[in-house]
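Reader: I should like a close examination of one helix in this model, followed by an account of the packing and backbone features found elsewhere in the chain. Please set the account out as one connected description.

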Amino acid sequence: MRIGSYQLKNRILLAPMAGITDQPFRKLCAAYGAGLTFSEMMSTNPQVWHTEKSRLRLAHHQAAGINAVQIAGSDPKEIAKAAQINVDYGAEIIDINMGCPAKKVNRKMAGSALLQYPDLVRQILEHVVNAVSVPVTLKIRTGWNKEHRNCVEIAKIAEQSGIQALTIHGRTRECLFEGNAEYDNIKAVKRQVSIPVIANGDITSAEKAKSVLEYTGADAVMIGRGALGNPWLFKSVESLVETGSIVFEPSLDEKCGVILQHIQSLHQFYGEEKGYRIARKHVAWYLQGIQPSSNFKQTFNAITEPQEQLIALEEFFNSIRNG
């Protein structure tokens, strides 16, 4: 799997997710086998480029692999300028978001709202590709709604505009995250373009990833919500897809150790005032895979001191080990 001049270590990618794919999470997923990880979506509004929130979103670490940054906007010149700024800050791949279904994004004619305007899509892609020297990729949905699925048209525009890889979430904007992913439409796109196509949507197991790759003919898969509380999924997928062998989940001891390290890294990355709040959602996701019936989530969410969070987690894990 190549994107421009970059050779990825495998075909298993981590999706950009707002409020989730920060530096600590990207590092963790990369350590468990993600071949490429994307930053959280960056706005093209120049007023927010130098804020603390943007600084944290752009923070990269070599352990996370290639520095791929996703940007979102609707003005061709503005989004091209944002791409240049991000490259100056160290972005090695620029990904353009035309798949986000959030109302606050769509109201600004960004994200998946752009799929309604193919001519504007072309202008944006051409402006960005011509503005930077690094590979530019695109993430879309199958269309704005079920009556207007135009992913094949958009894919052809992307290829003609110089886009180096295309990710398709197999739903329309109207579907949000409901229903089943439309792998037929991803397959149709793959048949119509020669650039790498990355399949995204409902990939929550190694077996599902393998079947999606085989059915769609896609060059890679992108895992989003399936990685929440389950970063070791990448190792399982990589093993089955690349070697045909099954890798079992880590032991409880390994999971507990990884979770503690992740929460500690969140405290360090965001600082004491913010880190303990960010940690809460990740612990909730981890609990779903370890002990979903536990009341520990409520206990953990009441803690407001980072060190107390770590102590409580360790005591909870010890109680599980001891039955």
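Author: The model is a predicted one, and the description begins with helix α5. This helix comprises the 14 residues 118-131, and the distance from its first C-alpha to its last is 20 Å, close to the 20 Å expected at 1.5 Å a residue. Its buried residues are Pro118, Val121, Ile124, Leu125, Val128 and Val129. Because these residues cover an arc of only 120° around the axis, they lie on the same side of α5. On the face turned away from that buried side, α5 carries the exposed residues Asp119 and Asn130. The cover over the buried residues of α5 includes two helices, α3 (76-88) and α6 (151-161), and two strands, β7 (93-98) and β8 (136-143).

One residue of α6 may be considered alongside this helix. Ser161 is located in α6, and its relative accessible area of 7% means that Ser161 is buried, since the cut-off is under 20%. When residues up to four places away in sequence are not counted, Ser161 touches Arg122, Leu125, Glu126 and Val129. Two of these partners, Leu125 and Val129, are among the buried residues of α5.

A second helix of interest is α10, which covers residues 252-270. For its 19 residues, a rise of 1.5 Å a residue gives a span of 27 Å, and the end C-alpha atoms of α10 are 27 Å apart, in agreement with that value. The buried residues of α10 are Lys255, Cys256, Val258, Ile259, Leu260, His262, Ile263, Leu266, His267, Phe269 and Tyr270. Just after α10 comes Gly271, which takes a positive phi of about 90°.

The packing partner to be described for α10 is helix α13, residues 306-321. The axes of α10 and α13 come within 10 Å and cross at roughly 175°. Because of that angle, α10 is roughly antiparallel to α13. From α10, the contact is made by Leu252, Asp253, Cys256, Ile259, Leu260, Ile263, Gln264 and His267. From α13, the participants are Pro306, Gln309, Leu310, Leu313, Glu314, Phe317, Ile320 and Arg321. The residues of this contact divide into 10 nonpolar, 3 polar and 3 charged. Several of the α10 participants are also buried, among them Cys256, Ile259, Leu260, Ile263 and His267.

Helix α13 also contains Phe316. With a relative accessibility of 8%, Phe316 counts as buried. Its contacts, leaving aside neighbours within four places in sequence, are Leu287, Gln291, Ser294 and Phe296. The C-alpha atoms of Phe316 and Lys190 are separated by 47 Å, and these two residues are 126 residues apart along the chain.

Two further buried residues may be examined through their contacts. Met17 is found in the loop between β3 (12-14) and α1 (23-31), and at 10% relative accessibility Met17 counts as buried. Not counting residues up to four places away in sequence, Met17 touches Glu40, Gly224, Arg225 and Leu228. One of these partners, Arg225, is 208 residues from Met17 along the chain, while the C-alpha atoms of the pair are separated by 8.5 Å.

Val105 belongs to helix α4, residues 103-106. Val105 counts as buried at 11% relative accessibility. Its contacts, again not counting residues up to four places away in sequence, are with Met41, Cys100, Ala110 and Gly111. Between the C-alpha atoms of Val105 and Ser43 the separation is 9.5 Å, with their positions 62 residues apart along the chain.

The backbone remains to be considered. Most residues other than glycine have a negative phi. Leu176, although not a glycine, has a positive phi of about 55°. Leu176 lies in the loop between β9 (165-172) and α7 (183-192), and its relative accessibility of 34% counts as partly exposed. Asp202 also has a positive phi in a residue other than glycine, with a value near 65°. The place of Asp202 is in the loop between β10 (197-200) and α8 (206-216).

Key: Residues numbered from 1 in each chain as written. Predicted model: local features only at pLDDT ≥ 70, side-chain atom pairs only at ≥ 80, totals over all residues. Heavy atoms only, no water. Helix = DSSP H or I, 4+ residues; strand = E, 2+ residues; numbered from the N terminus. Expected span 1.5 Å × (residues − 1). Buried < 20%, exposed > 50% of the residue type's maximum accessible area, 1.4 Å probe, protein only. Arc of directions from axis to C-beta. Contact = heavy atoms within 4.5 Å. Axes fitted to C-alpha atoms, helices over the stretch in contact; angles between N-to-C directions. Parallel < 35°, antiparallel > 145°, perpendicular 65-115°, else oblique. Nonpolar A, V, L, I, M, F, W, Y, C, P; charged D, E, K, R; others polar.
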